[in-house]
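Hi,

Here is the structure I promised to pass on. Have a look at it first, and then read my notes underneath.

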Amino acid sequence: MLIFPFCRKEDNGIIPVSDLFKLNVASHLTVSEDAPMVSILLPDYFTGMFDANEVAPSKFELGRVIFYDRHLSEDGLVSCASCHRQENGFSDPRRYSQGIYGRLSARNSMALGNTIWFGGSMGIDSMGAVRLPLFWDSRAHSVGEQAKSAFLNEHEMGLSMPEVIERMEQQSYYAWLVNRAWGDSLITEERIFESLAHFMGSIYSVDTEFDRALQHAGGFDFLGGVLPAFSEAKNRGKTLYLEHCHSCHGSLYSPPFIFEANNGLENPYTDPGKGAISGLFYERGVFRVPGLRNISVSGPYMHDGRFETLMEVIEHYNSAVQSIFGLHGDLLTFNEVTQTYSPKRLQLTEADKSALVAFLHTLEDRSLLTDSLYSDPFRQ
Ligand code: HEC
Ligand code: HEC
């Protein structure tokens with residue numbers, strides 16, 4: 001364990017703290033000496049669903065620096081942000097992400113635009129329900145558990161936690177940042193994860209055309225009504241969403257209604273998803289139901305990034321859901337004549353498909369994608 005001296009002695013005495021800040025922090029980072037203003041402002045219809053996380057701004061900012069810091073990987077080239085890019089809703093536009101030494105991740109990176117819903121990031125929600133588990137196969141239950149696996153993974157960052165701590169101790173800015181967040185400059189695993197949780201637990205997207213249209217219409221209409229601020233196509237898209245997608249992906253101002261499902265991408269599944277962990281046959285092909293906010297910028301889509309565009313995604317649900325054991329019931333239809341179940345065919349017209357795409361585009365939050373509070377703080 002190494003405790004950093006917070007003030008260095010020079011010939012003529014002690015360097016004032018603000019000079020230390022300039023020397024050790026401001027020369028590397030664009031953060032300012034005062035902790036940033038971080039306030040989570042959710043529309044009324046959100047707050048009925050769950051409480052916003054309590055964010056400590058100085059922990060948030062420490063988490064942000066860790067998130068963007070390439071020093072914290074084996075080859076010094078990869079940070080969390082290499083695979084979770086702000087302009088892409090904190091996902092990766094490449095089908096598979098590049099970790100250390102150019103190694104590829106096994107799955108498509110997940111968007112983090114709704115991390116505010118994450119399980120255990122800060123406890124349980126206001127309804128007493130446990131929040132969303134993490135990863136495509138739900139294998140992590142807290143942001144700490146998840147972040148640890150990103151650091152350790154040999155395809156991602158490839159360091160043990162003592163090595164991460166050592167790397168942080170070698171960078172001059174951490175002593176100051178950790179001290180501001182925790183009152184002393186000791187770097188521990190718990191502090192790293194909690195700081196990351198403060199940063200990630202405050203990523204949320206509510207500044208969208210959809211939310212503005214909903215607020216304009218008086219807020220909580222349970223999605224059902226015609227939104228006057230929407231074009232006809234977007235309202236049509238919303239209706240189709242309610243009909244075919246809502247039962248799993250949720251009301252859009254709540255976590256998905258169903259946490260995980262098999263949506264019939266292939267038969268058999270190359271990557272068994274949850275089934276690989278549980279060993280259960282009927283869980284082969286079961287994956288997390290992702291949130292759809294910022295979906296227009298977070299492609300390619302699905303756990304293996306197989307679809308480039310939203311139109312391809314919709315065509316999958318429209319005409320290509322595979323018949324496979326374990327396929328979720330909402331994607332099945334019962335044939336009275338043959339007395340059998342088969343995958344649903346939605347029979348959408350071209351106009352319907354475009355309307356659904358147009359609606360999904362209204363879920364894009366430009367301010368999150370460009371907000372400097374969440375951007376790369378490094379100067380180089
Ligand atoms: C090399 C690329 C890469 C790096 C580096 C990386 N991630 Fe990821 N991240 C992924 C991929 C791929 C997934 C999906 C993995 C899976 O489900 O198996 C993922 C999933 C996640 C999830 C789960 C999201 C959800 O909705 O369940 C979170 C949170 C996350 N990463 C945060 C981080 C943090 C924090 C770091 C840095 C400590 C990090 N990631 C580093 C590629 C990366
Ligand atoms: C039975 C539940 C269910 C229904 C109904 C459903 N989905 Fe999905 N959706 C999923 C699951 C599960 C995944 C992740 C599957 C995977 O990656 O293997 C997914 C993934 C997606 C993705 C990719 C997200 C990403 O981050 O890569 C999009 C986009 C999507 N669905 C849109 C829709 C639309 C549009 C509809 C309605 C036409 C719909 N879904 C209906 C369960 C469902």
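Below is what I found, going from the metal sites to the surface. Keep in mind that this is a predicted model.

Let's start with the iron atom of ligand 2. Its protein donors are His-249, through NE2, and Tyr-317, through OH, and they sit 2.0 to 2.1 Å from the metal. There are six donor atoms around this iron, and because the angles they subtend run from 84 to 180 degrees, the arrangement is octahedral. The two protein donors come from separate helices: His-249 is in helix H11 (residues 246-249) and Tyr-317 is in helix H13 (residues 310-320), so the pair ties together parts that lie 68 residues apart in sequence.

Are these two residues buried or exposed? His-249 has 14% relative accessibility, so it counts as buried. Tyr-317 comes out at a relative accessible area of 22%, which means partly exposed, as the cut-off for buried is under 20%.

Now for the iron atom of ligand 1. Here the protein gives a single donor, NE2 of His-84, at 2.1 Å. His-84 is in a loop, the one between helix H4 (80-83) and helix H5 (143-152).

Last, the surface. Leu-280, Phe-281, Tyr-282 and Phe-325 make a nonpolar patch of about 470 Å². One of them, Phe-281, belongs to the loop between helix H12 (274-278) and strand E4 (287-288). Phe-281 has 57% relative accessibility, so it counts as exposed.

That's it from me. Shout if anything is unclear.

Cheers

Terms used:
Residues are numbered from 1 along each chain as its sequence is written. Chains are lettered from A and ligands numbered from 1 in the order in which they are written. This is a predicted model: local features need pLDDT of at least 70, side-chain atom pairs count only at pLDDT 80 or more; totals for chains, interfaces and linings use all residues. Side-chain values use heavy atoms; hydrogens and water are left out. Donors are N, O and S atoms within 2.8 Å of the metal (3.2 Å for Na, K and Ca); water is not among the atoms, so sites may look incomplete. Four donors count as tetrahedral if all angles lie between 85 and 135 degrees; four count as square planar and six as octahedral if opposite donors are over 155 degrees apart and all others between 65 and 115; anything else is irregular. Helices (H or I, at least four residues) and strands (E, at least two) are DSSP runs, numbered from the N terminus. Buried means under 20% relative accessible area, exposed over 50%, partly exposed in between (1.4 Å probe, protein chains only). Patches are made of residues with over 30% relative accessible area and no salt bridge: like charges are joined within 9 Å, nonpolar side chains (Val, Leu, Ile, Met, Phe, Trp, Tyr) within 5 Å. Accessible areas come from the Shrake-Rupley method with a 1.4 Å probe; for residues, only the protein chains shown count as cover. A salt bridge is a side-chain nitrogen of Lys or Arg within 4 Å of a carboxyl oxygen of Asp or Glu.
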